[in-house]
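Open the model in your viewer and keep the selection box handy. This tour goes stop by stop: pick what is named, then look.

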Amino acid sequence: MKTAIAQIKLRTGDFEYNFKRISDTIKNTDCDLLIFPNIEDLGCKDLVYDAEFQKAQINMFEKLTNEQSNKSILVGDILIRNGKIKTTDDGFFIINGKTVYVDEIFRDDVACDLYVLSKNKYFAMNKSEEFIESICTSNNFVYVNAIAMADSDIFSGGSFVKNKDNELVTEFPLCEEKTAIIDFESQTTKHKRNAEADIFKVLTFALKEYCEITGFQKVIVGLSGGIDSALVTALASFAIGAENVYAIMMPSMYSSEGSVKDSVKLAENLGIQIEKMPITPVFENFMENIGKDRNGDLAEENLQARIRALILMFFSNRQNRLLLNTSNKSESAMGFGTLYGDLAGGLNLLADLTKTNVYKLCSYINREKEIIPQEIIDKAPSAELRPNQKDSDRLPEYTILDDIIEMYVEQNISAEEIYKKYDKKIVDDVIRKIYRNQFKRKQTCLGVRLTERSFCNGVDLPVIQRFY
């Protein structure tokens with residue numbers, strides 16, 4: 001039985017788009033059995049209860065039965081053959097005299113000619129090789145994953161095939177559509193994954209897909225001279241083109257001259273449009289007429305961030321540009337961000353990247369030539385909201401902080417275990433801040449999930465609690 005798998009791009013609720021993707025692949029693929037990703041597993045959430053949505057989905061499958069084809073088409077656990085839709089209660093189909101078993105989970109006690117794993121899997125960094133290794137099969141095995149954006153979750157492809165001797169036959173790339181005839185007698189070398197290369201692919205795909213689906217063609221970024229906004233700006237340029245990226249520098253009385261100079265250099269390297277709009281006059285006017293007393297306190301720091309958000313949102317509305325948030329996971333965990341200020345935005349590409357991983361991704365982007373100026377990478381992180389401010393004034397070093405966040409949040413390791421590696425006082429303070437700042441995370445924009453346990457999805461902490 002000549003078998004092909006189709007790793008295609010799909011979109012939640014866009015049945016016309018999905019039908020065309022499937023139909024075109026059917027017409028252009030010469031095989032007996034063509035296997036597609038599960039189209040019903042795209043993060044539809046409560047949309048599945050909508051009657052019109054249900055009707056549109058049924059209509060799409062009925063349209064597929066009208067496609068002139070002598071192939072057997074498997075879409076998730078739905079078989080289309082000879083103009084008819086077939087489902088199964090026990091997971092087994094007989095196709096061309098072969099026993100094909102379809103399930104959303106892998107079981108090693110099933111005897112069949114072909115095992116099809118039909119559940120789309122969201123991207124989680126450093127987990128691809130582990131997932132492939134977790135499949136120990138005595139049947140010919142196919143895993144086909146969609147390429148799709150389902151809110152925070154990114155289905156990134158990475159489909160693979162193993163033969164009945166548990167040897168890897170083929171492995172598809174991330175975030176790229178590919179259809180191929182499978183030769184179960186062949187073997188391939190397992191890809192040695194580069195974590196930063198994978199993250200770069202996923203983040204640029206996520207932004208491009210978000211813009212295409214929601215109708216945005218251009219984005220706007222507040223460029224501070226810091227590493228986070230520099231990374232977001234670079235990612236946006238690669239994803240949708242430098243000509244569609246507009247950056248605004250908004251220095252205050254506390255901003256260093258280097259921050260402005262470094263931002264200009266970044267813009268030149270990327271070829272993006274950039275403007276300078278100082279916030280000091282607006283800040284001074286507000287304090288003179290509304291704030292009255294000058295205390296140099298948190299309210300004045302937050303005011304600066306909110307003035308910047310006001311400027312960015314104005315141009316976002318006026319020019320119909322998507323505002324990209326530039327906060328990272330470390331800041332989010334510790335509450336280092338101002339609600340309705342630097343936490344404003346429509347999409348956050350760095351929401352699941354710790355500061356340590358931000359630096360790693362910047363190094364990857366600079367692997368062949370300097371795109372993000374080295375001065376930005378080398379400078380001590382600072383919000384520049386008061387004189388000589390540094391993140392390290394109120395936080396542990398990021399190497400320590402990020403390790404604690406990864407152990408506690410991503411790996412679900414207990415505080416008692418983390419005490420064996422780091423000072424108890426530091427660990428307790430980090431954990432307490434993670435809980436105390438959940439109220440901010442609940443009010444921030446959509447972020448891209450990159451780990452299995454993420455603030456974006458997978459970790460749901462109570463806002464109102466007295467335990468921490």
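Select Asp151. At 37% relative accessibility, Asp151 counts as partly exposed, because that class lies between buried (under 20% relative accessible area) and exposed (over 50%), with a 1.4 Å probe and protein chains only. Asp151 is not a glycine, yet has a positive phi of about 55°. Its place is the loop between β10 and β11. Strand names such as these come from DSSP runs, numbered from the N terminus: E of at least two residues for strands, H or I of at least four for helices.

Before moving on, note what you are viewing. This is a predicted model, where local features need pLDDT of at least 70 and side-chain atom pairs count only at pLDDT 80 or more, while totals for chains, interfaces and linings use all residues. Residues are numbered from 1 along each chain as its sequence is written, and side-chain values use heavy atoms, with hydrogens and water left out.

**The hairpin around Asp151**

Now show β10, residues 147-150. Is Ile147 buried or exposed? Ile147 is buried, and so is Met149 on that side of β10. Ala148 and Ala150 are buried on the other side.

Add β11, residues 153-156. The two strands run antiparallel and are joined by 4 bridges. Strands count as paired if DSSP finds at least two bridges between them. Find Met149, then look across to Ile154 in β11. The hairpin has 2 residues between its strands. In β11, Asp153 and Phe155 point one way, Ile154 and Ser156 point the other way, and all are buried.

**Another positive phi**

Go to Asn320. This residue, not a glycine either, has a positive phi near 55°. Look for Asn320 in the loop between α8 (298-319) and β18 (322-325). Asn320 counts as partly exposed because its relative accessibility is 48%.

**The open sheet**

Select β6, β7, β8, β9, β12 and β13. These 6 strands form an open sheet in the order β6-β7-β8-β9-β12-β13, with mixed pairing. The edge strands are β6 (92-95) and β13 (168-171), and each pairs on one side only. On average, neighbouring strands are turned by 20° against each other, direction ignored. For that angle, axes are lines fitted to C-alpha atoms (for helices over the stretch in contact), and angles run from 0 to 180 degrees between N-to-C directions.

Zoom in on one edge. β6 and β7 (residues 98-103) run antiparallel, with 4 bridges between them. Which residue of β7 is the bridge partner of Ile94? That partner is Thr99. Strands of a sheet pair through backbone hydrogen bonds.

**The nonpolar cores**

Select Leu207 and Ile372. They have the most contacts inside the largest nonpolar core, which has 53 residues. Such a core is a set of buried Ala, Val, Leu, Ile, Met, Phe, Trp, Tyr and Cys residues joined through side-chain atoms within 4.5 Å. Helix α4 (residues 195-214) gives the largest share of this core, 10 residues. Leaving aside residues up to four places away in sequence, Leu207 touches Val219, Ala236, Ala239, Ile240, Leu322, Leu324, Leu347 and Leu349. Contact means heavy atoms within 4.5 Å.

Another core, of 26 residues, lies apart from the largest one; among its members are Leu10, Phe19, Ile26 and Ala148.

**An enclosed helix**

Show α12, residues 398-410. Why is α12 largely enclosed by the rest of the structure? It is because 11 of its 13 residues are buried. Those buried include Tyr398, Leu401 and Tyr408. Add α9, α10 (355-365), α13 (415-419) and α14 (424-436), which are among what covers them. Just after α12, Asn412 takes a positive phi of about 60°.

**Last stop: a pocket**

Select Arg441, Thr444, Cys445, Phe455 and Cys456. Of the 26 residues that line the second largest pocket, these lie nearest its centre. A pocket is an open set of points on a 1 Å grid over the protein atoms alone, where a 1.4 Å probe fits, with protein on both sides within 12 Å along at least five of seven lines; lining residues have an atom within 4 Å of a point. Color α15 (438-441), α9 (329-334) and β20 (446-447): each supplies at least two lining residues. Finish on α15, which gives the most to this lining, with 3 residues.
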